[in-house]
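Please open the model in a viewer and keep the sequence panel visible beside it. The stops below are given in the order in which they may be selected.

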Amino acid sequence: MELNQFIEDIIRGNSLVNMVVSNYRRKQNECKRINIKPVTIKDEYLLQFESIVSNKAFHENLEADEAIEKLTKTLTEDFKNIFIRTEFHEYQCMVSKKGKLTCKKRDAGKVCLDLSHNRKKEYIIPDNEKCDFLMELGVMDENGKVYKKKYDKFRQINKFLEIVDGTIDGEKFEEKLRIVDFGCGKAYLTFGLYYYFNNILKKDVEIIGLDLKDDVIDFCNKTSKNIGYEKLEFIKGDISDFNAQSNIDMIVTLHACNNATDAALVKAVKWDVDYILSVPCCQHEFFSKIENDSLLPMIEHGLIKERLSSLVTDTLRTLYLNNEGYEVKLVEFVAMEHTPKNIMIKGIKKGQDVITAKMKYNEFKKFWNLDDLFIEKYHNEEIGNDY
Ligand SMILES: C[S@@+](CC[C@H](N)C(=O)[O-])C[C@H]1O[C@@H](n2cnc3c(N)ncnc32)[C@H](O)[C@@H]1O
């Protein structure tokens with residue numbers, strides 16, 4: 001079927017739930033994804049286009065005619081893939097350079113349409129739908145309803161997955177993906193990642209969760225076995241001693257304590273991973289080290305100094321990764337009211353201008369009078385005497 005006709009049928013078919021346009025045709029593009037959903041504003045049926053650009057969302061509400069035209073053009077010129085969900089079917093489609101459309105169609109569970117403009121947030125793993133690992137980990141009850149007291153965790157997992165979804169490159173995505181979660185703890189995130197790649201996206205993925213604690217690792221391995229997550233493995237050990245047996249594409253950390261985050265970043269650099277998604281936790285090292293006479297009025301207050309030293313640490317981590325060839329963005333992980341530990345360091349291997357990066361790194365260290373840092377000592381031990 002012609003692309004234009006297909007899009008028109010879907011948009012005018014009155015059963016559209018949502019669409020996701022992804023996989024940009026060329027390597028570099030600020031816009032990673034376009035989410036499209038029907039909305040009713042002042043009784044008018046419109047299509048809301050949400051473009052995700054550098055983790056910011058830009059909205060545009062279009063009438064059906066405009067939406068059909070824009071979507072056909074976008075799919076011919078810019079993006080290769082479109083996922084479509086209607087009340088009755090799901091379509092996973094690809095559009096070739098010449099505009100040829102190929103689709104896989106399957107039945108979808110019945111979905112109720114809600115066209116209100118401010119409808120409730122849709123999560124990658126939804127509430128009120130049974131999800132095996134969330135039930136096993138006590139986040140959902142047996143009917144798939146998220147327990148009130150576990151809602152923050154539920155939101156956190158979904159937010160992490162949303163960021164992963166907006167980060168990964170469609171090209172790379174075709175291959176097997178290997179991920180390590182350092183300091184996985186009870187592994188809500190590790191299971192979430194496996195569920196997302198293996199169960200939702202149907203991708204070939206291998207994930208390792210690493211933690212120091214015996215009981216946690218036993219529990220996670222048993223849980224993984226119970227729900228048949230064959231390529232999800234948990235290993236007991238210290239990040240510093242861990243050696244991967246094969247290429248790793250992505251490392252993640254979620255609130256890995258203190259210098260555990262630094263150790264994870266050094267490992268990522270050593271393995272030359274493509275993606276780093278790291279939400280640091282408590283930070284002690286810089287608190288005792290930062291000095292700057294001009295900023296004494298801030299540093300002499302313990303509370304301010306603590307917050308400042310956390311921010312200085314994350315900035316230096318960013319500069320370290322820049323120096324190692326990563327493009328880094330600091331993004332808000334979840335809103336401050338849910339956890340103050342809410343900065344995510346998102347690194348993508350790009351091969352940056354490392355000479356400028358090293359200058360910035362050194363100037364920043366000098367400004368804060370920082371020396372003898374864990375991340376540098378560990379880097380020198382693991383990789384070579386660069387610092
Ligand atoms: C605050 S918990 C976070 C757990 C999990 N990522 C989450 O967010 O639910 C930090 C975890 O990191 C682990 N950890 C700390 N230092 C580590 C190290 N050097 N090597 C491996 N695991 C470490 C701890 O045992 C703990 O389970």
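The tour begins at the ligand, continues along two helices, and ends with single residues in strands and loops. The coordinates belong to a predicted model.

**Stop 1: the ligand**

Select the ligand together with the residues around it. The shell holds 14 residues, and those that come nearest are Gly183, Cys184, Asp211, Ile239 and Leu254. Sorted by class, this shell consists of six nonpolar, four polar and four charged residues.

Which atoms of the ligand face Gly183, Asp211 and Leu254 in polar contacts? Display the three distances in turn.

- Gly183: a backbone N or O atom of this residue lies 2.9 Å from a nitrogen atom of the ligand.
- Asp211: here the side chain takes part, with a polar atom 2.6 Å from an oxygen atom of the ligand.
- Leu254: a polar backbone atom is 2.8 Å from a nitrogen atom of the ligand.

Next, switch on the surface of the ligand. Taken alone, the ligand exposes 590 Å², and the protein buries 82% of that area.

**Stop 2: helix α2**

Move to residues 64–77, which form helix α2. The helix has 14 residues, for which a rise of 1.5 Å a residue predicts a span of 20 Å; the end C-alpha atoms are 20 Å apart, so the model agrees with the expected value.

Colour α2 by accessibility. Ala64, Ala67, Ile68, Leu71, Thr72, Thr74 and Leu75 are its buried residues. Why may these residues be described as lying on the same side of α2? They cover an arc of only 165° around the axis, and therefore they share one side of the helix. A general rule helps in reading the spacing: an α-helix has 3.6 residues a turn, so residues three or four places apart point the same way. Rotate the view to the other side of α2, where Asp65 and Glu69 are exposed.

While still in helix α2, select Ala67. Is Ala67 buried or exposed? Its relative accessibility is 0%, so Ala67 counts as buried. From there, draw a C-alpha to C-alpha distance to Asn81: the two residues are 14 residues apart in sequence and 17 Å apart in space.

**Stop 3: helix α11**

Select residues 354–367, which make up helix α11. From its first C-alpha to its last, this helix of 14 residues reaches 20 Å, close to the 20 Å expected at 1.5 Å a residue.

Ala357, Tyr361, Phe364 and Lys365 are buried in α11. The arc they cover around the axis is only 100°, which means that they lie on the same side of α11. Ile355, Glu363 and Lys366 are exposed on the other side of α11.

**Stop 4: two strand residues**

Select Leu62 in strand β4, residues 56–62. With a relative accessibility of 9%, Leu62 counts as buried. Leu62 is 23 residues from Val39 in sequence, and their C-alpha atoms are 9.7 Å apart in space.

Then go to Gly347, which is found in strand β14, residues 343–349. Gly347 is buried, and its relative accessible area is 1%. Leu265 is 82 residues away from Gly347 in sequence, yet the C-alpha to C-alpha distance is 9.7 Å.

**Stop 5: loop residues**

Select Asn128 in the loop between β7 (101–107) and α3 (132–136). Its phi is near 65°, a positive value in a residue other than glycine.

Lys202 offers a further positive phi in a residue other than glycine, near 55°. This lysine lies in the loop between α6 (188–200) and β9 (205–211). Lys202 is exposed, with a relative accessible area of 55%.

Finish at Glu142, in the loop between α3 and α4 (151–167). Is Glu142 buried or exposed? At 58% relative accessibility, Glu142 counts as exposed. As a last distance, connect the C-alpha atoms of Glu142 and Asn385: these residues are 243 residues apart in sequence and 54 Å apart in space.

Technical notes. Residues numbered from 1 in each chain as written. Predicted model: local features only at pLDDT ≥ 70, side-chain atom pairs only at ≥ 80, totals over all residues. Heavy atoms only, no water. Near = heavy atom within 4 Å. Polar contact = N/O pair within 3.5 Å; in protein donor to acceptor, adjacent residues only side chain to side chain. Areas by Shrake-Rupley, 256 points an atom, 1.4 Å probe, with all protein chains shown as cover. Nonpolar A, V, L, I, M, F, W, Y, C, P; charged D, E, K, R; others polar. Helix = DSSP H or I, 4+ residues; strand = E, 2+ residues; numbered from the N terminus. Expected span 1.5 Å × (residues − 1). Buried < 20%, exposed > 50% of the residue type's maximum accessible area, 1.4 Å probe, protein only. Arc of directions from axis to C-beta.
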